[in-house]
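I opened a new page for this one and wanted to see how the helices sit together. A few single residues also caught my eye, so they get entries too.

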Amino acid sequence: MGDALTEQSVKGTKAPNLLCTLPGASDSTIIVGAHFDLVEAGSGVVDNWTGVALLSSLYQSLAITQRQHTYVFVAFSGEEAGLIGSTAFVKQLGDRRMRIKAMVNLDTLGLSDTKVWVTHADERLVGWLAGVAKVLNLPIAAVNVDNVGTTDSEPFRQKKIPAISVHSITPETLKILHSRADKIEAVHVDEYYRTYHLVAAYLALLDQKLE
Ligand SMILES: [Zn+2]
């Protein structure tokens, strides 16, 4: 598998998943994902242009250094219609899912500083993210969204793949989702940048921490 952009067609939705592979020394793999579909009520800038737009920047932040793991960046289709793209991605893995050491999901960033859905995340992955935040002196907090909805890390978790979802939703900003308030004005650029900075450092750390 080369350093390539590939489309993966997804049954039940017109748009494919889009995959970009950054090869490492081994085929142990870290998935970095974000959905690109949207609910028509708003512009979809918050949910989830903020997430999917970071994929290329994160790719570039990792591409300049040596790495052990292979990173696969996935823009998922059909999240809002019921995790269709991420479910299809996990299904087509078959036995190759054993190679996947972690999945980092980005959904709805920049409404506030970095938040983590801790109750639906792998404990080690949460611990390392909190550690990076501490070292870099960047804010991070747990906000669980169990009663709000779901996101693309869940199909991975169902297959016992360690996963974590990074977001920015708080009780105060929740009402922006899937509404006309989902527009560029809702995105706080400083907070958004801090999340990018944190996740970029985190992905580099995972290369050292994961087997
Ligand atoms: Zn979303």
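Before starting, I fixed one term: contact means heavy atoms within 4.5 Å. I also kept in mind that this is a predicted model.

**Entry 1: helix α1**

I began with helix α1, residues 45-52, and asked how many of its residues are buried. The count came out at 7 of 8, so I wrote the helix down as mostly covered, with buried meaning under 20% relative accessible area. The buried ones are V45, V46, D47, N48, T50, G51 and V52.

Next I looked up what covers them. The cover includes two helices, α2 and α6, along with the strands β3 (29-35), β4 (70-76) and β5 (100-106).

**Entry 2: T50**

I stayed in helix α1 and picked T50. Is T50 buried or exposed? Its relative accessible area is 0%, so it is buried. I then checked the polar atoms of its side chain, and one of them lies 2.6 Å from the backbone oxygen of V46. Setting aside neighbours within four places in sequence, I found T50 in contact with V45, T108, L109, V187 and Y192.

**Entry 3: α2 against α6**

I turned to a helix pair. Two packed helices are described by the angle between their axes and the distance between the axes, so I looked up both values. Helix α2 (residues 54-63) packs on helix α6 (residues 189-209) at about 45 degrees, and the axes are 10 Å apart. That angle makes α2 oblique to α6. The crossing is right-handed.

Which residues make the contact? From α2 I listed L54, S57, L58, S61 and L62. From α6 I listed Y192, Y196, V199, A200, L203 and A204. Sorted by class, this contact has 9 nonpolar and 2 polar residues, and no charged ones. Y192 had already turned up in my notes as a contact of T50.

**Entry 4: α4 against α6**

I did the lookup again for helix α4, residues 123-136. Here the angle to α6 is about 125 degrees, with 9 Å between the axes. That makes α4 oblique to α6, and α4 passes α6 in a right-handed crossing.

On the α4 side, I noted L125, W128, L129, V132, A133 and L136. On the α6 side, the list is H197, L198, A201, Y202, L205, L206 and K209. I tallied the classes as 11 nonpolar, 1 polar and 1 charged.

**Entry 5: S179**

I moved on to a loop. Where does S179 lie? I found it in the loop between β8 (163-167) and α6. At a relative accessible area of 18%, S179 is buried, because the cut-off is under 20%. A polar atom of its side chain lies 3.3 Å from the backbone oxygen of K175. Not counting residues up to four places away in sequence, S179 touches A41 and G42.

**Entry 6: T6**

My last stop was T6, which I located in strand β1 (residues 5-8). I noted T6 as partly exposed, at 38% relative accessibility. Leaving out neighbours within four places in sequence, its contacts are N17, L18 and L19.

I also looked up how far T6 is from S61, one of the α2 residues in the contact with α6. They are 55 residues apart in sequence, and C-alpha to C-alpha the gap is 20 Å.

Note on methods:
Residues are numbered from 1 along each chain as its sequence is written. This is a predicted model: local features need pLDDT of at least 70, side-chain atom pairs count only at pLDDT 80 or more; totals for chains, interfaces and linings use all residues. Side-chain values use heavy atoms; hydrogens and water are left out. Axes are lines fitted to C-alpha atoms, for helices over the stretch in contact, and angles run from 0 to 180 degrees between N-to-C directions. Helices (H or I, at least four residues) and strands (E, at least two) are DSSP runs, numbered from the N terminus. Angles under 35 degrees count as roughly parallel, over 145 as roughly antiparallel, 65 to 115 as roughly perpendicular and the rest as oblique. A crossing is left-handed if the near helix is turned anticlockwise from the far one by less than a right angle, and right-handed if clockwise. Ala, Val, Leu, Ile, Met, Phe, Trp, Tyr, Cys and Pro count as nonpolar, Asp, Glu, Lys and Arg as charged, and the others, Gly among them, as polar. Buried means under 20% relative accessible area, exposed over 50%, partly exposed in between (1.4 Å probe, protein chains only). A polar contact is a pair of N or O atoms within 3.5 Å; within protein, one must be able to donate a hydrogen and the other to accept it, and residues adjacent in sequence count only if both atoms are side-chain atoms.
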